[in-house]
Structure formats: structure tokens, C-alpha cells
Amino acid sequence: MTEYGLLGETLGHSFSPELHKALAGYDYALLPTPRDAVEDLLRKREFRGLNVTIPYKQAVIPLCDEVDPRALAIGAVNTIVNRNGRLIGYNTDIDGFRYMAKRAGAELSGKKVLILGSGGTSRTVQAAARELNAAEIVVISRSGENNYQNLSRHSDAEVIVNTTPVGMYPRLVGQSPIDLHKLPRVEAVFDMVYNPARTALLQEAYKLGIPACNGLLMLVAQAKESAEWFTGTAICNDRIEQIHRQLRRQKENIILVGMPGCGKSTVAKVLAMGTGKETVDADAAIVAAAGKSIPEIFAQEGEEAFRALETQVLAELGKRSGIIIATGGGCVTREENYPSLHQNGQIFWLQRDISQLPTNGRPISQANDLGKLYEVRRPLYQAFADHAVCNDTTPEETANKILQYLTQQE
């Protein structure tokens, strides 16, 4: 018998097991279930409590013996409790969204809110927006009256909420449901996707200077309320903030960029000892993918072929969570590498005096004047990096500086 778990169609991206373990100490299973098996799973009642995610938040309503009036009014259930064989449905997402909006300092009152998607999460956000006194709520769907083809009629939207899986790991990473440039009055963007941490939609918002937030805080807040329904025990709201910080720290990647030979691989290993995160060397991953050394790739195929392969490797590494990535010195020469690296992590530029940079086994360093190469790349490193860290002392001191940056941000 499953005590507690998550019912959905595709669940490989979920942080819920560790989240519920941290909240209430119980084991929590992922239950990826095809559409034609949902009714049978609920009918057997071999669980104490379930959360429900895409695409079943509406489908489970008629399968419950009782539905909380608020969830019924919303038209979406995301929490089911088995009480002595009777299935009771609740909606904890609505308070989760309200908590997130308040925490982000976003004002929905009197605003035009554009909600992308029409499923169960959309219904929840619609209800929350009504409770928060939004002036107008517009739902954008693929084939409804308001759709992505006639989005221009809503160019006066002030708050955007994405409730679709567009941008979600693993299949839709890098995609955005809309172009924010076409919505010049937007003041806040919420994306219910939380993996990756910075979807393409959120990265565009940040670039435009629009306050934006992913769905992780909402996930934690709704999970806290779900756990209270499951166990009958109240959980202090302070736990939401504590676990949110803990999850962010756990899942965030640390990405190191900088000139060839500046110490990225060495610092990465020291960081791994201090954080418990896995270290991945991008150049080693490229060698594994190509089946030949980097000097051989350059000699046989040229730099452009190497850069193309590097971009492919970084796109895959960037999708992962909770790792340390030591990049090659020239990864910043391709702008498309930035969103891949930044989507799940913070980028640190390791700086070292040019005279201290080795050149052995480094085709680019051997073929160029390092001083001139640095002058070309310096603005690229600046554009990529969230932080610059001097690495002229010991790897341990540099790693400590990076950890201090991360701690201060919490």
C-alpha cells in the first residue's frame, strides 16, 4: 500500500518526494499513471493520501466521494485524502499561489491578468485572481476564443501566469509559450514550472527587467497544506521558507566559466567536497561524446565543429539539477550557451592573472596571444556571469568565496 504519493502522467521532473519528506517525515511515491488507469488506481483506494498534477486535476473530481466546496467551485482537485475508504478532494494550490504572489510582492488587484492554459492549474489561478480582485482575467488556450494567434488583442495585460507545461524538463526545456516583447505593459510574470528554475519565459522576463517567479514556492506552500490534510497535524508557515531555501540550495547548479587554465576543474572538485554535489567537466563530456581528445577534434574537424558539439553537450548538462559544471574557456563565445547554463544555476567567472595560465594541451591557448584572447573574451565572461571571483590564491579560498555568495543570497 502506498501511504502518500503524486498522481500524474509524466513525473520524472518532480521534487515532491524530498519535499514531503522534509515537511512531515513520511515516504512519498511518484505514481506516473496512464489516463486509462487513473480510475482503477483510485477505486482500489490503496493509499492514505495523494497529490494530483497535470493532467488529472479535473478528471479525479467525479472519482472522489466528496469534494471540498472550494475545490468544487474551482473545478480542480490536487489533494485527495482517503478517510476510512472515502476519498475526499481538496485544492491546496489556490492558497499556494496566493502565498507565492504575496511573497513576490506582486499586486493583482485592479490588474489585467493573462493566464496561459486552461487546465486544472489554470482554474486554480483564475479563482485566486478573482479572490485577489483582479480587474480582468483572460484565459489563453490553443483553440479557445482567446488563443496564441490573437494574443495581440491583450497587449495591455499586466500580469502573466503560465500554467502550461511549456518550458518544463525534460521534453520542453528552452521553449516559451509567448513573446513578452509583444506585451509591453507586463509588470509581473509567474511560471508554474519549477524545473528548470529559470524557464525560457522567466529568462526573457529577467532580461526585460520584469519581476518574475517560478512555481517552486507555490509547490512548497501547497505541499505544506496537503501534508496537514494528510496527517491532521498543523505545520508552521516558517517551514515553507526553510524548505524553499533548502530545495533551491539542493537543486541549484554551480557553473564555473573563465579562461582556459584558470582553475575551474580544481575549484569544482573542492566545491563538490563542500556541497556534496556531483562535478561534471564539460570538456570531458565533449571528449566522451566525440570519442576523441579535444586536440584531435580541433585538428580533424576544426573549431566550429568543436563549438557545435560543446553547445549540444552544455544544452544537456544545463537541464540537470544539483550539479557543478566546469565549462571550457570558450563556451561564452556562443550566446546560445547562456540560457542553457543559466536555466538551473548561477554562473561564476573565475579570474586569474594571465601570466599564471598554462597552455599545454589547450589548442586555442597555444594558437593565440593570451592577452589579446582575454580582451576579446572578457566582455563575454561579464555578460554570462552572475558573480566574478578571483582565483589567484588557493582553490579552497575560491570555493569558500563562492559558497559565501550562495549563502548570502538565501
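Contact here means heavy atoms within 4.5 Å. The model is predicted. By that criterion, and leaving aside neighbours within four places in sequence, Tyr169 is in contact with His13, Asn195, Pro196 and Lys319. Tyr169 sits in the loop between β9 (159–162) and β10 (188–191). Its relative accessible area is 26%, so Tyr169 ranks as partly exposed. Thr199 lies 30 residues from Tyr169 in sequence, and the two C-alpha atoms are 9.2 Å apart.

Two of the contacts of Tyr169, Asn195 and Pro196, are joined by a cis peptide bond, with omega near 10°. Pro196 belongs to the loop between β10 and α6 (200–207). Another contact of Tyr169 is Lys319, which is listed among the buried residues of α12. Helix α12 (residues 303–319) has 17 residues. From first C-alpha to last, α12 reaches 25 Å, close to the 24 Å expected at 1.5 Å a residue. Other buried residues of α12 include Phe306, Arg307, Leu309, Glu310, Val313, Leu314 and Leu317. An α-helix has 3.6 residues a turn, so residues three or four places apart point the same way.

Strands β9 and β10 belong to an open sheet of five strands. The strand order is β8-β7-β9-β10-β11, and the pairing is parallel. At the edges stand β8 (136–140) and β11 (212–214), each paired on one side only. Neighbouring strands of this sheet are turned by 15° against each other on average, direction ignored. Five bridges connect β7 (residues 112–116) with β8. Within this parallel pair, Val113 stands opposite Ile137 of β8. Helix α4 (residues 93–103) packs on the sheet and touches β9, β10 and β11. The direction of α4 makes about 145° with that of β10.

Thr92 is placed in the loop between β6 (86–90) and α4. With 0% relative accessibility, Thr92 counts as buried. Its side chain makes a polar contact of 3.1 Å with the side chain of Ser226. Beyond residues up to four places away in sequence, Thr92 touches Asn78, Thr79, Gln222, Glu225, Ser226 and Trp229.

Helix α7 covers residues 216–231. Of its 16 residues, 13 are buried, and the helix is mostly covered. The end C-alpha atoms of α7 are 22 Å apart. This agrees with the 22 Å that 16 residues should span at 1.5 Å a residue. Just after α7, Gly232 takes a positive phi of about 75°.

A further set of parallel pairings involves β12, β13, β14 and β15. Strand β12 (residues 253–257) is joined to β14 by three bridges, and the two run parallel. Strand β12 also runs parallel to β15 (residues 345–351), with five bridges between them. Ile254 of β12 stands opposite Gln346 in β15 and opposite Ile324 in β14. The bridge partner of Ile255 in β14 is Ile325. Five of the five residues of β12 are buried, so the strand is largely enclosed by the rest of the structure. Both of its faces are covered. Asn253, Ile255 and Val257 lie on one side, with Ile254 and Leu256 on the other.

Strand β14 (residues 323–326) is likewise covered on both faces. Ile323 and Ile325 are buried on one side, and Ile324 and Ala326 are buried on the other. Four bridges join β14 to β13 (residues 278–281), again in parallel. Here Glu278 stands opposite Ile323 of β14.

Several loops show backbone features of note. A cis peptide bond also joins Ile54 and Pro55, with omega of about 5°. Pro55 lies in the loop between β3 (47–52) and β4 (66–67). Arg45, a residue other than glycine, has a positive phi near 55°. Arg45 is placed in the loop between α2 (38–44) and β3. At a relative accessible area of 23%, Arg45 is partly exposed. Asn133 is not a glycine either, yet its phi is positive at about 65°. The loop that holds Asn133 runs between α5 (120–131) and β8. Asn133 counts as exposed because its relative accessibility is 51%, and the cut-off for exposed is over 50%.

Definitions and conventions:
Residues are numbered from 1 along each chain as its sequence is written. This is a predicted model: local features need pLDDT of at least 70, side-chain atom pairs count only at pLDDT 80 or more; totals for chains, interfaces and linings use all residues. Side-chain values use heavy atoms; hydrogens and water are left out. Buried means under 20% relative accessible area, exposed over 50%, partly exposed in between (1.4 Å probe, protein chains only). Two strands pair if DSSP finds at least two bridges between them. Axes are lines fitted to C-alpha atoms, for helices over the stretch in contact, and angles run from 0 to 180 degrees between N-to-C directions. The expected span of a helix is 1.5 Å times one less than its number of residues. A polar contact is a pair of N or O atoms within 3.5 Å; within protein, one must be able to donate a hydrogen and the other to accept it, and residues adjacent in sequence count only if both atoms are side-chain atoms.
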